[in-house]
Structure formats: structure tokens, C-alpha cells
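Here is a short set of exercises to work through with the model open beside you. Try each task on your own before reading its solution.

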Amino acid sequence: MDALHNGPEPRYWEKVRTVADTLRELEGPIIIVSHVDPDGDAIGSSLGLARALKAMDKKVTWIADPPRFLRFLVKEDEYSEPIAHVPEGATLVVLDAAEPGRVAGAPVEGFVINIDHHGTNPRFGYLSVVDPSKAATAQIVKDLIDALGVGWTAEMATPVLTGLITDTGNFRFANTTPEVLHTAAELVGHGVKLAELTDRLQWRPVGYFKAMGAVLSTVGFHFGGLLVTAHMPRGVSVEDSDDFVGIIRYAEGSQMAVFLREREEGVKLSIRSRGGVSAQAVAVKLGGGGHVPAAGATLRGLTLEEAYPKVLAAVEEELRRVGYI
Ligand code: 5GP
Ligand code: MN
């Protein structure tokens with residue numbers, strides 16, 4: 001796993017302070033972007049940082065397309081449309097993006113600051129803070145806002161806490177360290193309405209519940225139940241936030257869960273694992289990346305029927321590596 005750089009970032013605080021000092025000194029525009037298919041951490045860490053920098057009177061543009069289930073966090077006119085070029089003299093801050101190819105909204109060019117927690121991040125950018133020991137990019141953004149020295153408001157703390165909540169599966173995953181809980185406590189102390197926030201984060205469009213029925217009818221068990229799979233049947237769709245892999249991964253006895261969804265460009269995989277099996281290793285084999293317990297990939301140009309055997313072969317290899325089969 002060494003090649004995937006899954007350990008803590010050496011000189012973490014020094015790097016956070018360097019980024020904070022750099023941002024504080026900047027007079028030009030700051031453009032904030034994150035990854036395609038933004039999740040709670042992508043939106044939360046970007047919005048939190050954008051609000052903090054605005055409070056410091058920086059010229060900030062946040063380029064995003066917040067998914068429906070997170071739009072309640074965002075004020076109208078708080079985000080902008082994608083751009084084809086980063087203007088001369090601007091700084092591009094990229095948050096939670098595992099690789100330059102996953103960045104949405106702007107080309108990765110010019111003075112780039114890369115802030116992320118994916119072990120597979122190739123450490124692109126002029127400055128980077130990439131620490132896979134952090135539960136969420138939002139954790140790094142919390143430290144960065146502290147280092148910027150701007151006064152915390154509930155408006156900043158709410159999206160940052162959202163990133164921590166969503167990337168830790170509501171403080172249930174193994175990445176829920178004492179540090180995460182301390183940070184969450186601090187953020188709640190800055191005025192977040194926690195019960196309101198966690199309730200709102202679980203809302204789903206009504207169509208989601210019918211779609212869930214259709215998805216669950218596709219559940220399959222492989223390798224004696226060590227792998228559970230499901231896919232989005234053709235003709236069924238839900239607007240964003242359909243974390244179906246997060247449901248099937250609780251099949252008793254499973255060590256790995258894969259959810260497949262056919263898209264224009266190919267089949268998008270969401271992979272989860274436990275018990276020493278690495279979702280990340282499977283994702284990397286299939287051209288993707290992510291974290292050890294949660295990763296993803298896109299099998300370009302393939303149909304669902306063609307994708308399944310590739311998934312089974314990659315998972316089989318990983319189950320063998322760990323000695324389960
Ligand atoms: P999800 O299954 O929720 O889409 O993604 C799980 C994790 O894997 C996320 O941290 C996400 O950033 C990462 N991930 C998902 N798809 C890809 C991909 O195609 N390439 C890379 N490098 N990472 C991915
Ligand atoms: Mn994240």
C-alpha cells in the first residue's frame with residue numbers, strides 16, 4: 001500500500017500554515033473548485049473555505065454544481081458556472097479531488113493549491129496539503145480556517161461540519177477519530193444547529209424510495225456472500241444522493257460491496273470494503289482510486305453486462321490477496 005501514500009502527511013501543520021499565509025497575502029482572485037459528482041465533503045469544504053475567505057474580503061469565486069440534497073446549505077448566487085480558463089493572476093484552490101482529471105468547473109492550470117485526503121492523490125499543484133489520515137477534506141479546511149485567523153461563524157462551521165458528517169458516515173466509519181469528534185464539537189460550538197443539519201441531510205426526493213425498490217431487486221451475492229453487488233436498472237433514475245452502496249454494504253458476511261450505474265461515458269462503480277479487504281485496491285485495478293474502505297472507478301465505454309465480469313475478476317483477485325478465498 002506504500003505506493004498509494006495512505007499515511008499521515010509529514011509536516012502537516014507547516015503545510016497548512018504555508019497555505020494560510022499564502023491565501024492571506026493574495027490580492028488577486030481566488031477560484032475554488034472540487035470534484036465531479038460533488039458530495040458533502042466536496043461542497044462543505046469548498047463552501048466553508050469560500051465563506052471564510054470572503055469574510056477576509058478576498059475576491060472569491062466558488063465554482064460548483066451543488067446536488068439537490070445539499071442545496072439547502074447554499075445561498076442563491078453563492079456559486080458560479082464553470083470556466084474554460086483560469087484568468088492570469090488568479091489562484092485555483094482545488095478541494096477533495098483525488099486527481100486533476102476529477103476536478104470539475106475549471107482546468108487545473110496556473111497557481112494551484114491542492115487540498116485533499118485521498119491516498120491516491122498524485123500531489124499535483126504548486127502547493128498541496130494531502131493527508132490521507134484525515135477523515136475528510138473538511139478537517140483540513142477546519143485547520144486552515146483556524147490558521148487563517150478569521151473569526152468563525154455558524155455559516156462557515158455548518159458546511160465544514162457537513163463534510164465531516166458525510167465522509168464519516170455520520171461519525172460511524174473507522175475514520176471517526178478522536179480528532180474528528182473534537183473538531184465536530186468545536187464546530188457545533190461555533191453555532192451549528194446539529195439536529196436540524198443531520199435531519200436535513202437525510203431528506204430524499206420522493207422518487208428515491210421507488211428507485212430504491214428497483215435497485216434492491218438487483219442485489220447479487222458472489223464468492224459465498226463475500227461480495228454483494230447491485231446496479232441501477234435501466235430506465236430508473238434518481239436525482240443525485242443515491243447512496244445505494246451504503247445500504248447493500250450491510251449484507252451480513254460481506255467484505256466488499258459494489259454498486260454499478262450505467263452512464264453515458266461508461267459504468268461508474270462505487271466500492272466499499274471492510275475486514276482488511278481494500279476497496280481502493282479494486283478501484284485502482286479498474287482505473288479509479290479513493291480510500292481503502294471507500295473508492296470508485298469508471299469503466300469507460302462498457303455496458304453493465306460487460307462491467308460485471310471485470311468487477312468480479314478484480315474483486316476475486318483482492319479477496320485472494322487477503323486470503324478470503
Ligand atoms: P463514491 O463511491 O462515493 O462515488 O466514491 C468513493 C470514494 O472514491 C470517494 O472518495 C471518491 O472521491 C473516490 N472515487 C470515486 N470514483 C473515483 C474515480 O473514478 N477515480 C478516483 N481516483 N477516485 C474516485
Ligand atoms: Mn472527501
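**Exercise 1: Salt bridges**

E9 forms a salt bridge with K15, their closest N and O atoms lying 3.2 Å apart. The model is predicted, so local features need pLDDT of at least 70 and side-chain atom pairs count only at pLDDT 80 or more, while totals for chains, interfaces and linings use all residues. Residues are numbered from 1 along each chain as its sequence is written, chains are lettered from A and ligands numbered from 1 in the order in which they are written, and side-chain values use heavy atoms, leaving out hydrogens and water.

*Task.* Find how exposed the partners E9 and K15 are, then do likewise for the pairs R320 with E316 and E318 with R321.

*Solution.*

Step 1. Fix the criterion: a salt bridge is a side-chain nitrogen of Lys or Arg within 4 Å of a carboxyl oxygen of Asp or Glu. The structure holds 14 of them.

Step 2. Fix the exposure classes: buried means under 20% relative accessible area, exposed over 50%, and partly exposed in between (1.4 Å probe, protein chains only). The areas come from the Shrake-Rupley method with a 1.4 Å probe, and for residues only the protein chains shown count as cover.

Step 3. Apply the classes to the opening pair. E9 has a relative accessible area of 11% and is therefore buried, whereas K15, with 22%, is partly exposed.

Step 4. Go to helix α10 (residues 304–322), where R320 and E316 sit four residues apart, about one turn of the helix. Helices here are DSSP runs (H or I, at least four residues), strands are runs of E (at least two), and both are numbered from the N terminus. The N to O distance in this R320–E316 salt bridge is 2.6 Å. R320 is partly exposed at 49% relative accessibility, and E316 is partly exposed at 27%.

Step 5. Finish with E318 and R321, whose closest N and O atoms are 2.8 Å apart. These two are three residues apart in helix α10, so about one helical turn separates them. E318 is buried at 0% relative accessible area, while R321 is exposed at 53%. Elsewhere, salt bridges with shared partners link K142, D146 and E186 into one network.

**Exercise 2: A charge without a bridge**

*Task.* Which side chain of opposite charge is nearest to D143, and how far away is it?

*Solution.*

Step 1. Locate D143 in helix α3 (residues 137–148).

Step 2. Assign charges: Lys and Arg count as positive, Asp and Glu as negative, and His and the chain ends are not counted.

Step 3. Check the distance. The nearest side chain of opposite charge is K142, 4.5 Å away, and buried D143 has no salt bridge.

Step 4. List the neighbours, taking contact to mean heavy atoms within 4.5 Å. Not counting residues up to four places away in sequence, D143 touches Y12, W13, V16, K134 and E179.

**Exercise 3: Around ligand 1**

*Task.* Which residues come nearest to ligand 1, and which strand gives the most to the shell around it?

*Solution.*

Step 1. Count a residue as near if one of its heavy atoms lies within 4 Å of the molecule. Of the 16 residues around ligand 1, the nearest are E99, H118, S270, R272 and G289.

Step 2. Look at polar atoms. A polar side-chain atom of E99 is 2.8 Å from a nitrogen atom of ligand 1, and one of R102 is 3.4 Å from an oxygen atom of the ligand. G289 places a backbone N or O atom 3.1 Å from a nitrogen atom of ligand 1.

Step 3. Consider the cover: the protein hides 85% of the 490 Å² of accessible area that ligand 1 has on its own.

Step 4. Turn to the strands. At least two shell residues come from each of β10 (266–273), β11 (289–290) and β12 (294–300), and β12 gives the most, with five residues.

**Exercise 4: A histidine in a strand**

*Task.* Is H35 buried or exposed, and with which side chains does its side chain make polar contacts?

*Solution.*

Step 1. Find H35 in strand β1 (residues 30–35). Its relative accessibility is 6%, so H35 counts as buried.

Step 2. Search for polar contacts (pairs of N or O atoms within 3.5 Å; within protein, one must be able to donate a hydrogen and the other to accept it, and residues adjacent in sequence count only if both atoms are side-chain atoms). The H35 side chain makes such contacts with the side chains of D39 at 3.3 Å and D96 at 3.1 Å.
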